[in-house]
Amino acid sequence: MESELKVPTMAELSAAGQQPEVLFWVGCAGSFDDRAKRITKAFVKILNRAQVSFAVLGTEESCTGDPAKRAGNEFLFQMQAVSNIEVLNAYEIKKVVTTCPHCFNTLKNEYPELGGNYEVMHHTQFLDELIKNGKITLEGGKFKGKRITYHDPCYLGRANNIYEAPRDLIEKLDAELVEMKNCRKKGLCCGAGGAQMFKEPEKGDKDVNIERTEQALKTKPDIIAAACPFCNTMMTDGVKNKEREATIRVMDVAELIAGAEDL
């Protein structure tokens with residue numbers, strides 16, 4: 001199956017004298033986490049179906065530095081950022097799309113002051129644009145009539161005010177979008193942001209992801225939709241904690257679209 005996935009690298013295209021329309025920034029989770037790799041594959045399948053000219057950096061891509069910055073190591077962040085910017089600028093990259101809100105936020109808002117100026121899009125915005133431009137069509141398919149609740153990632157929603165694109169995509173699946181008690185600007189964090197993903201939770205009465213999962217379960221969903229690999233992990237863990245993994249799936253918006261299209 002993987003041999004069928006067409007994923008050109010910037011080095012290959014550059015050697016052939018070609019410049020892609022967009023650079024797909026895969027991110028650490030999308031490259032190394034087994035669950036997030038499925039999101040990466042789903043997004044690549046959509047890009048191929050829509051005949052989007054894209055490339056990845058491959059081994060030349062390094063962490064954006066987001067976890068280092070959030071954990072307070074500004075020096076390490078700047079080292080990682082400057083190294084990435086040198087690579088991006090050498091390839092004369094203009095437009096970047098990523099499936100991770102943390103990469104999105106860092107590339108969009110924190111790289112410019114270090115010399116990295118690009119048009120940066122989150123994959124939900126990019127997919128929404130593809131549909132509006134008629135590059136891909138959705139008629140719901142297997143998600144028609146399903147109850148889907150959407151969890152707003154902090155770095156996509158509150159940090160960058162992107163609330164509509166993911167919801168538009170879910171509604172285009174002919175699914176029933178049901179909102180949680182805390183959504184949009186009042187969305188509750190999954191518990192993994194700010195480099196919390198990489199440490200044990202502090203003492204308290206309840207983990208944040210359990211509280212968020214309980215809010216999601218109150219909507220009686222068939223699917224909890226996410227748009228961030230870290231949120232996906234935290235919500236999946238929450239669903240397992242409640243022993244509901246047999247009946248409720250946690251899926252990225254890209255997976256929903258790839259699934260509706262049967263890619």
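**Close-up views of a predicted model**

**View 1. Asp128 and Lys172 meet in a salt bridge in this predicted model.** The closest N and O atoms of Asp128 and Lys172 are 3.4 Å apart. The pair links distant parts of the chain, with Asp128 in helix H7 and Lys172 in helix H8, 44 residues apart. Asp128 has a relative accessibility of 5% and therefore counts as buried. Lys172 is partly exposed, because its relative accessible area is 27%. Side chains of opposite charge can pair when their charged atoms come close.

**View 2. Helices H7 and H8 cross at roughly 50 degrees.** The axes of these two helices, H7 and H8, come within 8 Å. The crossing angle makes H7 oblique to H8. In handedness, the crossing of H7 and H8 is left-handed. Two packed helices are described by the angle between their axes and the distance between the axes. The Asp128 to Lys172 salt bridge of the preceding view belongs to this pair of helices, with Asp128 in H7 and Lys172 in H8.

**View 3. Helices H3 and H7 cross at roughly 25 degrees.** Helix H3 spans residues 34-49 and helix H7 spans residues 123-132. Their axes come within 12 Å. Angles under 35 degrees count as roughly parallel, so H3 is roughly parallel to H7. The crossing of H3 and H7 is left-handed.

**View 4. Glu164 and Arg184 form a salt bridge.** The closest N and O atoms of Glu164 and Arg184 are 2.4 Å apart. Glu164 lies in helix H8, whereas Arg184 lies in the loop between strand E6 (176-177) and H9, so the pair ties together parts that are 20 residues apart in sequence. Glu164 counts as partly exposed, at 43% relative accessibility. Arg184 also counts as partly exposed, at 30% relative accessibility. Salt bridges that share partners join Asp152, Glu164, Arg167, Glu179 and Arg184 into one network. Across the whole structure, the search finds 15 salt bridges.

**View 5. Asp66 and Arg70 are joined by a salt bridge in helix H4.** The N to O distance between the side chains of Asp66 and Arg70 is 2.9 Å. Helix H4 covers residues 66-70, and because Asp66 and Arg70 are four residues apart in H4, about one helical turn separates them. Asp66 counts as buried, with a relative accessibility of 4%. Arg70 counts as partly exposed, with a relative accessibility of 25%.

**View 6. Ala165 of helix H8 is shown with His122.** Ala165 lies in helix H8 and is buried, with a relative accessible area of 9%. Along the sequence, Ala165 and His122 are 43 residues apart. In space, the C-alpha atoms of Ala165 and His122 are 9.5 Å apart.

**View 7. Phe75, Leu76 and Met79 make a nonpolar surface patch.** The area of the patch is about 320 Å². Phe75, one of its members, is found in helix H5, which spans residues 74-90. Because its relative accessibility is 63%, Phe75 counts as exposed.

**View 8. Lys220 and Pro221 occupy the loop between helix H9 and strand E7.** Helix H9 spans 208-217 and strand E7 spans 223-226. Phi of Lys220 is near 50 degrees, a positive value in a residue other than glycine. Most residues other than glycine have a negative phi, and most peptide bonds are trans. At 65% relative accessibility, Lys220 counts as exposed, whereas Pro221 is buried, with a relative accessible area of 7%. The C-alpha atoms of Pro221 and Leu5 are separated by 32 Å, and these two residues are 216 residues apart along the chain.

**View 9. Asn161 has a positive phi.** The phi angle of Asn161 is near 55 degrees, and Asn161 is a residue other than glycine. Asn161 has its place in the loop between strand E5 (147-150) and helix H8 (164-172).

Notes:
Residues are numbered from 1 along each chain as its sequence is written. This is a predicted model: local features need pLDDT of at least 70, side-chain atom pairs count only at pLDDT 80 or more; totals for chains, interfaces and linings use all residues. Side-chain values use heavy atoms; hydrogens and water are left out. Patches are made of residues with over 30% relative accessible area and no salt bridge: like charges are joined within 9 Å, nonpolar side chains (Val, Leu, Ile, Met, Phe, Trp, Tyr) within 5 Å. Accessible areas come from the Shrake-Rupley method with a 1.4 Å probe; for residues, only the protein chains shown count as cover. A salt bridge is a side-chain nitrogen of Lys or Arg within 4 Å of a carboxyl oxygen of Asp or Glu. Buried means under 20% relative accessible area, exposed over 50%, partly exposed in between (1.4 Å probe, protein chains only). Axes are lines fitted to C-alpha atoms, for helices over the stretch in contact, and angles run from 0 to 180 degrees between N-to-C directions. Angles under 35 degrees count as roughly parallel, over 145 as roughly antiparallel, 65 to 115 as roughly perpendicular and the rest as oblique. A crossing is left-handed if the near helix is turned anticlockwise from the far one by less than a right angle, and right-handed if clockwise.
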